[in-house]
There are 2 protein chains.
Amino acid sequence: METSILKKVYIFSGLSEEELEDVQKITRTKTFNKGDIIFFDTEPYLGFYITVSGLVKIYKISKDGREHILHLINPYNTFAEVPLFENFGEIREDAFRYPANAMALEDQTKVVLIPARPFTELLAENSRISLKMLSGFAKRLRHLNRHIEEITLKDVTKRVANFVLSEYINKRKTKLDSTHSIRLNISKNDLASYLGTILETLSRTFKKLQEEGIILVEGRTILIKDFEKLKETAS
Amino acid sequence: METSILKKVYIFSGLSEEELEDVQKITRTKTFNKGDIIFFDTEPYLGFYITVSGLVKIYKISKDGREHILHLINPYNTFAEVPLFENFGEIREDAFRYPANAMALEDQTKVVLIPARPFTELLAENSRISLKMLSGFAKRLRHLNRHIEEITLKDVTKRVANFVLSEYINKRKTKLDSTHSIRLNISKNDLASYLGTILETLSRTFKKLQEEGIILVEGRTILIKDFEKLKETAS
DNA sequence: TTAGCTTTTTGACTTAAGTCAAAGGGTTAG
DNA sequence: CTAACCCTTTGACTTAAGTCAAAAAGCTAA
């Protein structure tokens with residue numbers, strides 16, 4: 001693994017070449033195929049990860065097997081940093097375990113492990129990383145806040161509409177592609193689990209939104225036919 | 001407001017008397033009565049808060065008026081720190097707004113405002129605060145994770161049972177009180193909103209758990225009659 | 001003590017979303 | 001080319017939890 005990868009990771013983005021090499025030395029790269037488990041929430045904590053390529057889902061499972069996806073981790077984003085900071089204060093039984101499960105969603109999903117111990121030492125020396133990390137945590141807290149708001153205060157139709165809308169707005173910001181459509185990079189089953197519902201209900205909801213002339217679903221491509229109506233449905 | 005209060009706040013707990021006085025100088029104390037709004041999620045961000053006495057709820061409201069409580073903030077705990085760290089990177093429209101609403105739940109709820117600008121300067125100088133803050137964020141991320149898990153993967157009965165159980169375990173850890181009971185410091189309406197349900201459903205659930213001989217509810221006191229069965233119901 | 005609140009309980013009913021089962025499409029590998 | 005597989009859709013049915021309305025129980029303050 002090269003330091004050029006680390007540079008693209010937000011928390012490491014301010015480091016010197018030398019510092020990057022220090023980090024690079026302690027990492028371990030692993031490759032997973034679709035459906036492979038990266039870790040379970042029952043495992044002892046080793047360190048946090050960077051997704052380098054592919055896609056990772058962070059999720060919880062209920063006793064009876066239902067699943068809920070908390071985060072989807074795209075390339076150059078990190079996951080499982082929380083336990084790094086839980087050694088302070090009283091020792092909770094769930095400290096030093098991963099907070100959730102992680103699974104690769106695509107073949108050739110490459111992740112980099114940053115082992116906890118050497119990293120925390122680096123952190124103590126380099127306060128710029130702490131600030132970056134705080135910013136990263138803040139973003140994630142916002143995300144979870146919004147997630148809870150969605151799931152507890154909105155029905156499935158609103159959630160689906162809002163998902164399509166957010167993805168579309170996000171795409172417009174980053175990609176130079178002027179089609180009024182989005183492309184899902186996950187299965188509808190996973191999307192349902194991310195939106196706090198099940199495949200069948202998602203399917204019926206897509207159908208309803210189509211019948212109302214708001215969107216058009218073709219496989220993993222969703223065409224937005226009535227942006228205003230979509231916004232209205234989402235809010 | 002005295003520095004003795006700040007000392008009891010986790011993120012300030014490692015500071016010298018001198019540093020505490022620096023913080024103390026920039027604070028502003030406010031007192032609220034039950035039902036008073038501390039801030040709305042639509043307001044521009046001023047800074048974060050410490051609850052000094054009383055109780056604060058952090059919550060979201062849907063368009064049609066339904067409410068969901070995200071956090072309950074007890075004395076010496078902080079809230080609304082997230083926007084402090086959102087100035088970095090792209091400016092989101094919701095940056096510099098509060099992430100949720102805050103309301104006092106008791107009369108004479110005293111809160112201390114730490115204005116953002118002077119505090120971030122302090123933060124840049126004092127990296128120990130950053131680490132404490134990271135630890136605080138980590139705890140909150142865990143909490144939200146668990147919260148989402150509860151709401152999406154468990155039914156109301158399990159959630160209620162688990163709430164009683166957690167409160168009880170928590171009480172045993174902190175207070176020297178050997179009764180097998182807990183005392184709610186919030187109304188059942190607020191508890192329902194915290195557990196992602198409504199008052200009527202909570203009431204019926206309590207009734208059911210009583211009929212099963214697991215608990216006994218008397219006003220705001222809940223007596224645990226069958227601990228094992230409670231654990232079983234909660235899991 | 002009682003009037004006037006707020007909070008909680010209970011009953012009857014509705015409904016959104018989940019479950020179960022079967023069939024349809026699409027993709028891939030031999 | 002086709003069998004085997006996975007992913008998705010559709011239909012029929014169930015159910016947990018929400019809504020609405022009214023009564024009951026608790027508090028508080030004059």
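**Two protein chains on two DNA strands: a walk through the model**

Let me start at the DNA: H7 of chain B gives the surface near DNA strand C its largest share, five residues. When I say helix or strand of the protein, I mean DSSP runs numbered from the N terminus, with helices being H or I of at least four residues and strands E of at least two.

A quick word on ground rules, everyone. This is a predicted model, in which local features need pLDDT of at least 70, side-chain atom pairs count only at pLDDT 80 or more, and totals for chains, interfaces and linings use all residues. Residues are numbered from 1 along each chain as its sequence is written, chains are lettered from A and ligands numbered from 1 in the order in which they are written, and side-chain values use heavy atoms, leaving out hydrogens and water.

On confidence, pLDDT is the predictor's own score for each residue, from 0 to 100. Chain A averages 92, and 96% of its residues score at least 70. Among the elements of chain A, the lowest mean pLDDT, 90, belongs to helix H3 (residues 116–125), and the highest, 98, to strand S6 (residues 78–79).

Back to DNA strand C. Which residues come nearest to it? Of the 17 around the strand, they are Asp155(A), Val156(A), Thr197(A), Ile198(A) and Arg204(A). A residue is near here if one of its heavy atoms lies within 4 Å. The elements that each supply at least two residues to this surface are H7 (199–211) of chain A, plus H6 (188–194) and H7 of chain B. By class, we have three nonpolar, six polar and eight charged residues. For the record, nonpolar covers Ala, Val, Leu, Ile, Met, Phe, Trp, Tyr, Cys and Pro, charged covers Asp, Glu, Lys and Arg, and polar is the others, Gly among them.

What do the proteins touch on strand C, then? Of its atoms within 4 Å of the protein, 57% belong to sugar or phosphate and the rest to bases. Now some polar contacts, meaning pairs of N or O atoms within 3.5 Å; within protein, one must be able to donate a hydrogen and the other to accept it, and residues adjacent in sequence count only if both atoms are side-chain atoms. Two of them go to bases: Glu200(A) has a polar side-chain atom 3.2 Å from a base nitrogen, and the side chain of Arg204(A) has an N or O atom 2.9 Å from a base oxygen. From chain B, the side chain of Ser203(B) places an N or O atom 3.0 Å from a phosphate oxygen.

Now turn to DNA strand D. It is surrounded by 17 residues, and the closest are Arg204(A), Val156(B), Thr197(B), Ile198(B) and Arg204(B). Here 56% of the strand's atoms within 4 Å of the protein are sugar or phosphate, and the rest are in bases. Phosphate oxygens of strand D lie 3.0 Å from a backbone N or O atom of Lys188(A), 3.1 Å from a side-chain N or O atom of Ser203(A) and 2.6 Å from a side-chain N or O atom of Thr197(B). H6 (188–194) and H7 of chain A, together with H7 of chain B, give two or more residues each. The most, five residues, comes from H7(A). The class split is three nonpolar, six polar and eight charged.

So how is H7(A) held against its own chain? The axes of H5 (residues 156–174) of chain A and H7(A) come within 10 Å and cross at roughly 75°. Axes are lines fitted to C-alpha atoms, for helices over the stretch in contact, with angles from 0 to 180 degrees between N-to-C directions. H5(A) and H7(A) are therefore roughly perpendicular, a label for 65 to 115 degrees, with under 35 roughly parallel, over 145 roughly antiparallel and the rest oblique. The contact (heavy atoms within 4.5 Å) involves Val156(A), Thr157(A), Val160(A), Ala161(A) and Val164(A) of H5(A), and residues of H7(A) including Leu202(A), Phe206(A) and Leu209(A). Its residues divide into seven nonpolar, three polar and one charged.

Chain B has a crossing to look at too: H5(B) and H7(B) have axes within 10 Å, at roughly 75°.
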